[in-house]
Each structure stands twice: as structure tokens, then as C-alpha cells.
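Please open the model in your viewer and keep the sequence panel beside it. The tour below proceeds by selection, with a short account of what is found at each stop.

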Amino acid sequence: MVIILKENPDPNQLENLLSWIKEQHVTPHITHGLHQTILGLVGDTAKIDIELLGQMEIVEAVRRVQEPFKNANRKFHPLDTIINVNGSKIGGNSMTVIAGPCSVESEEQIITVARSVKESGAKLLRGGAFKPRTSPYAFQGLRDEGIRLLLEAKKDTGLPIVTEIMDLSQLELFADVDVIQVGARNMQNFELLKQLGHSDKPILLKRGLANTYQELLMSAEYIMAFGNDNVILCERGVRTFETYTRNTQDISAIPALKTLSHLPVIIDPSHAAGVARFVPPLSLAAVAAGADGLIIEVHNNPACAKCDGMQSLTMPEFRILMKKIKVMTDARELCSSITE
């Protein structure tokens with residue numbers, strides 16, 4: 001349920017309304033906009049009398065929300081959520097690029113790539129320490145040593161780090177990680193999501209290969225329901241009948257998720273494409289469609305990468321792409337300023 005208050009509500013009346021709402025065993029979430037204040041009610045609102053609420057002096061309108069996700073719902077939170085990661089902002093129609101290798105392989109490798117992507121304009125460094133692989137015989141990552149090397153790269157460059165968690169048992173190792181990534185395979189690992197809800201760290205939540213928008217938002221809801229509102233949605237491509245690319249990048253996810261939710265939406269063109277030469281056009285398409293950011297795989301020697309070398313850009317290729325992204329971002333801002 002959403003309660004829209006009249007402009008400049010009386011503080012005493014608002015306090016009385018909040019007290020009454022809590023007595024109904026429902027949790028109110030307050031959003032202060034430029035001209036309106038909105039109360040989003042989370043819990044069992046079936047017994048709350050809409051007509052009674054509508055008669056209150058400070059209430060403009062009352063609406064029931066049909067979608068099962070509440071905290072992630074734009075109806076509860078009309079303004080875009082902007083997540084601050086050590087000074088780098090994600091959301092609010094900004095364009096933030098996260099870049100780095102698929103997996104951390106050595107100290108020289110991760111620091112070399114970190115320095116290069118920072119120089120090219122990336123704001124955060126990605127790198128896998130724990131790697132979910134289809135084959136048990138494939139490289140599984142350096143694990144805790146990989147996190148240590150990411151922290152060394154952060155110390156060297158100042159870039160906040162993003163890396164994927166695989167299991168609850170690893171949570172203590174992520175104490176100094178800036179953004180915890182939940183991969184597509186773990187999108188519905190609800191026990192993991194609950195525990196991440198107790199954290200105050202930003203969570204980058206990837207959509208599963210065959211999951212709907214609502215299922216993605218319900219997974220975000222798990223994190224938010226347990227207290228952590230710092231969720232970043234990531235579209236990394238879905239499985240379709242097509243086999244020419246690794247997955248199919250769903251561009252429609254950007255406007256759809258932004259309509260349904262206030263959370264930032266970023267795109268992973270590397271996993272969508274699976275082929276490095278397709279990453280630049282998919283990246284530019286995502287920027288044009290209004291994505292808040294991109295997460296791109298970059299390697300200093302893709303031919304010798306231990307994981308996903310085929311979809312990784314070289315450092316010079318990434319530098320060129322970042323220049324194109326800047327042009328496209330400027331064009332997007334110009335387009336957004338044009339009104340009928």
C-alpha cells in the first residue's frame with residue numbers, strides 16, 4: 001500500500017499517522033520527494049481501511065500495490081536510488097563503468113589491469129576470486145588469495161573492488177570488499193540473500209539465465225527486506241534458442257526494470273556476448289537505452305586468460321570503447337533534455 005501525502009504535511013499529523021500505521025503491525029517507509037512525501041507500507045495491509053486513510057487531512061491519495069515486491073518497487077520510492085561506493089555514484093541515470101579481468105590470476109596481472117582501466121575512466125575494479133565454473137576441472141579462482149590481491153590493487157589505484165561471493169561460509173573474507181556480487185547461479189540462493197541483507201555493503205545482483213524481471217526483483221526484495229537497501233540490478237544476458245552468442249543481451253530489461261523499480265540497473269555485455277568483438281556495440285546499445293552502468297571484462301593478455309578470455313577486451317580495446325561510451329553518454333544527456 002502507498003500513501004501519498006499532501007504537500008508540506010503537518011509534522012504532528014504525520015507523527016500521529018506513523019504511530020497509527022505501526023499499531024497495525026505494518027512497517028512504513030518514508031520517501032521525501034521535491035513536492036510530495038510518500039509512505040510505503042510493507043506487511044499485511046489487507047485489513048487497513050483505505051477509506052479511513054483517505055479521509056485524513058494530510059493524505060492526498062491511497063493506493064494498493066499489487067506487485068509482491070515492495071521495497072524495490074518504484075511506487076514506494078519514485079526517485080531513483082543512487083548508491084555511493086567510496087565516492088563513485090551508481091544510479092540516477094549516471095554512467096559508471098566497472099572493469100577488470102574475469103578472474104584474478106596474479107598480483108602483476110590484477111595491478112596492471114587495474115592501472116589501465118582506471119586511466120581509461122573506469123570507476124570500480126572487478127575481478128573474480130571465487131569462480132563458479134560449469135566444469136569441476138576448470139580454474140576455480142585463487143579464493144582468499146584472490147581477495148588479498150584485489151585489495152593490493154585497490155591500495156595501488158584507489159579503485160573500489162567488486163567480486164563475487166559463492167557461499168555463506170566465505171562472508172568473513174569479504175569484510176574489506178566494497179561491492180559484493182551475487183552471480184546468476186546464486187540469484188535465488190535465498191539464505192545467502194538474507195545474510196547479505198544484514199550487511200551494509202552494496203550488493204550487485206545478477207539476473208539468472210532464465211529468470212523473469214519479477215523474480216529478479218523478488219531476489220532484490222530478500223536483501224532489502226532484511227535491511228540492506230544498497231542493491232544494484234545487473235542484466236547479464238539470458239538463455240535463448242540462439243547459440244551464436246553465449247547469451248542474449250536483453251536491452252528491454254533496462255526500461256522495464258527502471259519502470260518497475262527505483263534501483264540502479266547495469267549491464268554486463270561480456271557475459272551476454274561471450275565474444276570480445278561484440279562487447280563494444282552491446283555496451284553502446286546499453287548506454288543508449290539508459291543503463292546506469294556497465295561491467296566489462298578486461299585482460300592484459302586474453303589469449304592466455306585462465307577464464308573467459310574469448311569475451312575479454314584488451315586494455316587498448318577498452319580504452320577506445322571508453323571514448324565511445326563518453327560520446328554516447330553525452331548524446332544521451334542531450335536527448336534527455338529534448339522535450340515535446
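This is a predicted model, and the tour starts at a contact between two helices. Select Phe190, Leu193, Lys194, Leu196 and Gly197 in helix 5, and then add Ser219, Tyr222 and Ile223 in helix 6, which are the residues they meet. Sorted by class, the residues of this contact of helix 5 with helix 6 comprise five nonpolar, two polar and one charged. If you now show helix 5 as residues 190-197 and helix 6 as residues 213-225, you will find that their axes come within 6 Å and cross at roughly 40°. Angles under 35 degrees count as roughly parallel and those from 65 to 115 as roughly perpendicular, and helix 5 and helix 6 are therefore oblique to each other.

**The barrel**

Next, select strands 7 to 14, which form a closed barrel of eight strands in the order 7-8-9-10-11-12-13-14, with parallel pairing. From one strand to the next, the twist averages 30°.

Within this barrel, restrict the selection to strand 10 (residues 179-182) and strand 11, which run parallel and are joined by three bridges. Which residue of strand 11 stands opposite Ile180? It is Ile203, while Gln181 stands opposite Leu204 of strand 11.

Stay with strand 11 (residues 203-206) and display its side chains. In a regular strand the side chains alternate between the two faces of the sheet. Here Ile203 and Leu205 lie on one side, Leu204 and Lys206 lie on the other, and all of them are buried, so that both faces of strand 11 are covered.

Return to the whole barrel, whose eight strands pair in parallel, and add two helices in turn. Helix 4 packs on the sheet and touches strand 8 and strand 9 (161-165), its direction making about 170° with that of strand 9. Helix 9 (residues 279-289) also packs on the sheet, where it touches strand 13 (265-267) and strand 14 (293-297), and its direction makes about 170° with that of strand 14.

**The open sheet**

Now move to the N-terminal part of the sequence and select strands 1 to 4, four strands that form an open sheet in the order 2-3-1-4 with antiparallel pairing. Its edges are strand 2 (27-32) and strand 4 (59-63), each of which pairs on one side only. Neighbouring strands of this sheet are turned against each other by 20° on average, with direction ignored.

Select strand 2 together with strand 3 (residues 37-42), a pair that is antiparallel and extends over six bridges. To locate one of these pairings, pick His29, whose bridge partner in strand 3 is Gly40. Then add helix 1 (residues 11-23), which lies across strand 1 (2-5), strand 2, strand 3 and strand 4 and runs at about 10° to strand 3.

Before leaving this sheet, select His32, which is placed in strand 2. Is His32 buried or exposed? With a relative accessible area of 55%, His32 is above the 50% cut-off and is therefore exposed. When its neighbours within four places in sequence are left aside, His32 is in contact with Thr37 and Leu79. A distance drawn from His32 to Pro78 should read 9.4 Å, C-alpha to C-alpha, although the two residues are 46 residues apart in sequence.

**Two loop residues**

The next two selections concern backbone angles. Most residues other than glycine have a negative phi. Asn86, found in the loop between strand 5 (83-85) and strand 6 (88-90), has a phi near 50°, a positive value in a residue other than glycine. Asn86 is exposed, with a relative accessible area of 53%.

Go on to Arg143, which lies in the loop between strand 8 (124-126) and helix 4 (144-157). Arg143 is not a glycine either, yet its phi is positive, at about 60°. With a relative accessible area of 43%, Arg143 is partly exposed.

**A second helix pair**

For the last stop, select helix 3 (residues 107-120) and helix 10 (residues 315-336), which pack at an angle of about 20° with their axes 9 Å apart. That angle makes helix 3 roughly parallel to helix 10, and their crossing is right-handed. To see the contact itself, show Thr112, Val113, Ser116, Val117 and Ser120 in helix 3, which meet Met315, Phe318, Arg319 and Met322 in helix 10. By class, this contact of helix 3 with helix 10 has five nonpolar, three polar and one charged residues.

Key. Residues numbered from 1 in each chain as written. Predicted model: local features only at pLDDT ≥ 70, side-chain atom pairs only at ≥ 80, totals over all residues. Heavy atoms only, no water. Axes fitted to C-alpha atoms, helices over the stretch in contact; angles between N-to-C directions. Parallel < 35°, antiparallel > 145°, perpendicular 65-115°, else oblique. Left-handed = near helix turned anticlockwise from the far one by under 90°. Contact = heavy atoms within 4.5 Å. Nonpolar A, V, L, I, M, F, W, Y, C, P; charged D, E, K, R; others polar. Pairing = 2+ DSSP bridges. Buried < 20%, exposed > 50% of the residue type's maximum accessible area, 1.4 Å probe, protein only.
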